[in-house]
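Notebook open, structure viewer running. Today I want to look up what sits around the ligand, then check a spot on the surface.

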Amino acid sequence: MKALVSVKRVIDYNVRIQVKPDGSGVVVDGVKHSVNPFDEIAMEEAVRLKEKGKLTEIIAVTVGGAKCEETLRTALAFGADRAVHVKVDEEIQPLTAAQALAAVFKKEGAELFFLGKQAIDDDAAQTGQMVAALLDLPQATFASKVEIDGGKATVTREVDAGLETLEFDLPGIITTDLRLNEPRYLKLPDIMKAKKKPIEVVGLGDLGVTAAAGLKSVKTANPPKRSKGVMVKTVDELVTALKAKGLI
Amino acid sequence: MSKILVIGQHADGKLNSGIAKVVNAAKAIGGDIHVAVFANDGSTVAAQAAALDGVAKVLVVDRAGNDDYVASAIAPQIVALTQSGGYSHVLAAGTTSGKDFLPRVAAKLGVQQVSDIMAVHSATSFDRPIYAGNAILTVEAPASPCIVATIRLASFQATGAAAAAAPIEKISVDAVIPSHTRFVKLEAQKSERPELQSANRVVSGGRALGSSENFNIIYSLADKLKAGVGASRAAVDSGYVPNDMQVGQTGKIIAPELYFAIGISGAIQHLAGIKDARTIVAINKDPEAPIFEVADYGLVGDLFALVPELEAKA
Ligand SMILES: Cc1cc2nc3c(=O)[nH]c(=O)nc-3n(C[C@H](O)[C@H](O)[C@H](O)COP(=O)(O)OP(=O)(O)OC[C@H]3O[C@@H](n4cnc5c(N)ncnc54)[C@H](O)[C@@H]3O)c2cc1C
Ligand SMILES: Cc1cc2nc3c(=O)[nH]c(=O)nc-3n(C[C@H](O)[C@H](O)[C@H](O)COP(=O)(O)OP(=O)(O)OC[C@H]3O[C@@H](n4cnc5c(N)ncnc54)[C@H](O)[C@@H]3O)c2cc1C
């Protein structure tokens, strides 16, 4: 059984985001980028399933510009066997990304697709669900536990009320939550090996995808700033202040 | 004029408290507002939706299995209703269930979803947070064929009670429901405490608590203050508390009047969940902790001494 794992290049989660003064976006040039943390978790889960003998091949896929090759190399170092780079130069939005990812899934004849539950840049949290819709396949989002057995997936999901369990018939789509696993540290030999693994480059046209009409970005702004408050020295001082404001 | 479909998410026979906020967002868009209840038997929930100010009509789609809200089963019903009703907008609360089924609806309708609307400028222009709320993006969405969006609940007040209840109509929709996905179970945390997302006061603990036993001092302070209880990701990952208590970019986004961050450093991912809190109180032994940059009141010291004292004096 083949699995597809999508990996997205995003600004590293430790970076303090700077909004451009002209409101045209955030500063991305010269800023550290990494693999979306949720996608590392997706990669790790696939690799563990392969180690358990549940998968025969893992294919990493990304949709993006030339620099996304680094992202694919990271996925290959984790243990993907090969990669597909859907190369786009223009900005794409989730539905278009989903169309491209769905096309790759079909073309590869994969049975499982792991994606992150959200990308930490755009925070849209919708790509996996859209892929599932386009392929008319099952989806289990926000997964914190995955079991694959007998042509079925049993997935525990982190939901507002607690933990929900769903079962679906393969093939299907799973999006990963933080507590699904802890991704391994990459070792140098794996990083070296990844350099030799094949990456196939395709365009949206090759996949028969035309970019869907999108949302237009009007402007990007800084959020309202919270002003720094006061430091109190004692619990008494704190209680007095909160009582004075009618907060307790 | 817009014709707006609000999905009336519910559980245990209760309309989700966020729906009153979604209706308020719909009022800001302006137009005819219909709430659709998908349930096994939606009559109780429909009556709650009909009592919300601004709602013109409640539509009930009864079907065995709808209570489980499996995305692949709910989405085709919403798609069918949107198309047959000629709706210009489909809105859902940005809860885990809204985030689960609504992108599926958007993809089927062939539109990009607007995720987490935090402000409405017009029927087609909205603000949404990106980068854990560290930037706000204003988007213009194409009006045709329709706009599909989740609402960031922390950004909207609830609509009030209607002077007279809206009419309720039972309808059926023409949708094919796949059988490939089955709901198995929900392990819900039962708690007498106020619900995290609607609580006026919230007390949260972080990694510094060190164990689930030690977390009792957080519960104890919360009970004294009649507050909900939250946690940082580190506290959840360490197993001190269950996952549904996580506050932040990838947990719950909350907007209480009063928030206590206790033994929490203030990572940007945590702050993303509390930006709309009215007043933030931080207790941390490290005077340099980033949480103090956003706290309205900061107190430096050992939480194990300060929290019991606070409980006694509050
Ligand atoms: C109005 C607007 C303007 C934008 N402008 C720009 C811009 O100028 N430049 C820019 O780079 N982006 C831009 N974006 C963002 C970009 O279009 C989205 O980030 C992307 O399409 C997917 O959205 P997401 O990351 O929020 O998806 P999510 O649904 O949050 O992602 C979930 C998961 O889907 C997978 N995934 C998503 N996208 C990809 C991908 N491309 N390749 C592989 N896997 C993927 C990953 O596994 C990820 O964890 C813009 C978005 C909007 C709405
Ligand atoms: C993709 C991604 C998503 C994330 N999403 C979230 C999220 O949704 N929510 C979230 O919270 N985090 C999230 N995180 C994690 C986040 O980056 C931080 O790691 C986490 O918030 C830290 O939790 P903490 O503040 O409890 O722990 P720490 O950062 O370890 O802070 C503990 C604090 O306790 C203080 N302390 C220690 N002992 C005492 C004492 N006796 N008395 C008083 N103070 C004491 C210390 O000074 C320190 O400031 C995410 C991370 C990533 C990468």
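Entry 1. I looked up the 26 residues around ligand 1, where around means a heavy atom within 4 Å. A:Ser6, A:Lys8, A:Asp39, A:Val63 and A:Ile92 come nearest. The model is predicted, so I noted the limits: local features need pLDDT of at least 70, side-chain atom pairs need 80 or more, and totals for chains, interfaces and linings use all residues. Residues count from 1 along each chain, chains are lettered from A and ligands numbered from 1 as written, and side-chain values use heavy atoms, without hydrogens and water.

Entry 2. Whose site is it? Chains A and B both supply residues around ligand 1, so they share the site.

Entry 3. Next I checked polar contacts (pairs of N or O atoms within 3.5 Å). The side chain of A:Asp39 has an N or O atom 2.5 Å from an oxygen atom of ligand 1. Backbone N or O atoms of A:Gly116 and A:Ala124 also lie by ligand oxygens, at 3.1 Å and 3.2 Å. On its own, ligand 1 has 930 Å² of accessible area (Shrake-Rupley, 1.4 Å probe), and the protein covers 83% of that.

Entry 4. Which strand of chain A gives the most to the shell? I found strand 4, with 3 residues (strands are DSSP E runs of at least two, numbered from the N terminus).

Entry 5. Last, I looked at A:Ile191, in helix 5 (residues 188-194) of chain A (helices are DSSP H or I runs of at least four). A:Ile191 counts as partly exposed because its relative accessibility is 33%, between the 20% and 50% cut-offs (1.4 Å probe, protein chains only).

Methods: Polar contact = N/O pair within 3.5 Å; in protein donor to acceptor, adjacent residues only side chain to side chain.
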